[in-house]
Amino acid sequence: MANIDLFPFLGLVVLIPLTILVIILKLITRPNPIKIPIKSRHVLITGGSSGIGLALAHQAVLEGARVTILARNLSKLEEAKDSIRLSTGIDVGIVSADVCDFESVKKVFENVGEIDVLVCNQGVFVAQEFVEQEISEVKQMIDINLVGCFNLVKAALVGMKNRKDRRPVSIAFMSSQAGQVGIYGYAAYSASKFGLRGLAEALQQEVIADDIHVSLIFPPDTDTPGLAEENKRKPQLTHIIAASSGAMKADEVAKKALNGIKSGSFFVPCNFEGFLLSIATAGLSPQRSYLMAFVEVISAGLMRIAGLCFQWTWYGSIEKFHAQPK
Ligand SMILES: *[C@@H]1O[C@H](CO)[C@@H](O)[C@H](O)[C@H]1NC(C)=O
């Protein structure tokens, strides 16, 4: 009965190449895995007076970090500080600065002490058809979301490179799922968030020798004052195409973000959908985990099919929308 031996044989035929693949991936994935300790270290969070930034400040405080939050509006910063003190009994530092003003960011960073974790979290979004959108609004999104991050990193980098505490440190950028895929109504926003990926990928190569590690966080729609504002002007087609399974809570996003930063992950997705999106858009991005690399390699073709299916539904929605009598 020769066919009885077929199953173990087939098993080996599949198992051996997969094992070899895992071994190869373990050898070649770079950068190497890293842990970023945050206890007793200085975490500076921009856009820290509300939404994800405030939630992140909260959790970093609870994990024993020394936290400074940066935003423009001083009275909102005071309110945020009070709310953190109220629930944790611990004070955070507050600094008022406009991330778009490099000189002011530089001055502020000269006075806050060594930064171990810089979280560039500030951001604005207005979803609107590009043809309707004021160019000043486009520029504002690019300025705050993208150029603001250049200002922050530029102002922080020399201090981070010359730090006395030689343990690994982190620079994290708050991107968005709209920084992984372009969506109707998000031309300027997506451009600013896609820009962060270029910045993050190039920067990681430049700072790795100083044990500085870059994370790029991709939250979905999050329940924040920002989202409420955004939804007011969202085009109908944006609602149809980006119809998500509901917004995530800022606390949940903050938790994923902080864990991602601590584990030194380059891509930090925040939910299962985001996990799939990160695999689908892995491209030439750095990957520290050989197991994630394995998942990416194995599922690449399937992910492309899923991506094409999304495009098929989106373009279907667009066609249907325009076919409606006006
Ligand atoms: C600053 O925040 C306070 C309190 O939230 C608000 O009343 C005020 O309008 C804000 N100021 C500016 C310039 O946005």
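# Close-up views of a predicted model

**Figure 1. Asp210 is a buried residue in a loop.** With a relative accessible area of 17%, Asp210 counts as buried, since the cut-off for burial is under 20%. This model is predicted. Asp210 sits in the loop that links H6 to strand S6 (212-218). Its contacts, leaving out residues up to four places away in sequence, are Lys161, Arg163 and Arg166.

**Figure 2. Asp211 has a positive phi.** Asp211 is found in the loop between H6 and S6. Phi of Asp211 is near 60°, although the residue is not a glycine. Most residues other than glycine have a negative phi. How accessible is Asp211? Its relative accessibility is 25%, so Asp211 counts as partly exposed.

**Figure 3. Helices H5 and H6 pack at a small crossing angle of about 15°.** H5 covers residues 135-161, and H6 covers residues 187-207. Their axes are 8 Å apart. The angle makes H5 roughly parallel to H6, because angles under 35 degrees fall in that class. The crossing of H5 past H6 is right-handed. On the H5 side, the contact is made by Val138, Met141, Ile142, Asn145, Leu146, Cys149, Phe150, Val153, Leu157 and Lys161. On the H6 side, the contact residues include Ala188, Tyr189, Ala191, Leu196, Leu199, Leu203 and Val207. Ser192, Lys193, Gly195 and Glu206 of H6 also take part. By residue class, the contact of H5 with H6 holds 15 nonpolar, 3 polar and 3 charged residues. Lys161 of H5, part of this contact, is also touched by Asp210.

**Figure 4. Helices H10 and H11 pack at about 85°.** H10 spans residues 272-280, and H11 spans residues 290-323. The distance between their axes is 8 Å. H10 and H11 are therefore roughly perpendicular to each other. H10 contributes Phe275, Leu276, Ile279 and Ala280 to the contact. H11 contributes Met292, Val295, Glu296, Ser299 and Met303. Of the residues in this contact, 7 are nonpolar, 1 is polar and 1 is charged.

**Figure 5. Gly301 is part of helix H11.** Is Gly301 buried, exposed or partly exposed? Gly301 has a relative accessible area of 46%, so it counts as partly exposed. A second residue to locate in this view is Ala280, 21 residues away along the chain. The C-alpha atoms of Gly301 and Ala280 are separated by 9.1 Å. Ala280 belongs to the H10 side of the contact between H10 and H11.

**Figure 6. Arg30 and Pro31 are joined by a cis peptide bond.** Omega of this bond is about 0°. Most peptide bonds are trans. Pro31 lies in the loop between helix H1 (6-28) and strand S1 (42-46). Ser40 is found in the loop between H1 and S1 too. Ser40 has a positive phi of about 60°, yet it is not a glycine. With 62% relative accessibility, Ser40 counts as exposed, because the cut-off for that class is over 50%.

**Figure 7. Ala55 is a buried residue of helix H2.** H2 runs over residues 51-62. The relative accessible area of Ala55 is 6%, so this residue is buried. Which residues does Ala55 touch, leaving aside its neighbours within four places in sequence? They are Ala250, Asp251 and Ala254. His239 can also be located from here: Ala55 and His239 are 184 residues apart in sequence. Their C-alpha atoms are 26 Å apart in space.

**Figure 8. The protein chain holds 11 helices and 9 strands.** Along its principal axes, the C-alpha trace spans about 80 × 65 × 35 Å. The radius of gyration is 22 Å, which agrees with the value near 20 Å for a compact globule of 326 residues. Of these 326 residues, 46% count as buried. Among contacts with a separation of 6 or more, 75% come from residues 24 or more positions apart.

Terms used. Residues numbered from 1 in each chain as written. Predicted model: local features only at pLDDT ≥ 70, side-chain atom pairs only at ≥ 80, totals over all residues. Heavy atoms only, no water. Axes fitted to C-alpha atoms, helices over the stretch in contact; angles between N-to-C directions. Helix = DSSP H or I, 4+ residues; strand = E, 2+ residues; numbered from the N terminus. Parallel < 35°, antiparallel > 145°, perpendicular 65-115°, else oblique. Left-handed = near helix turned anticlockwise from the far one by under 90°. Contact = heavy atoms within 4.5 Å. Nonpolar A, V, L, I, M, F, W, Y, C, P; charged D, E, K, R; others polar. Rg over C-alpha atoms; globule rule 2.2 N^0.38 Å. Buried < 20%, exposed > 50% of the residue type's maximum accessible area, 1.4 Å probe, protein only.
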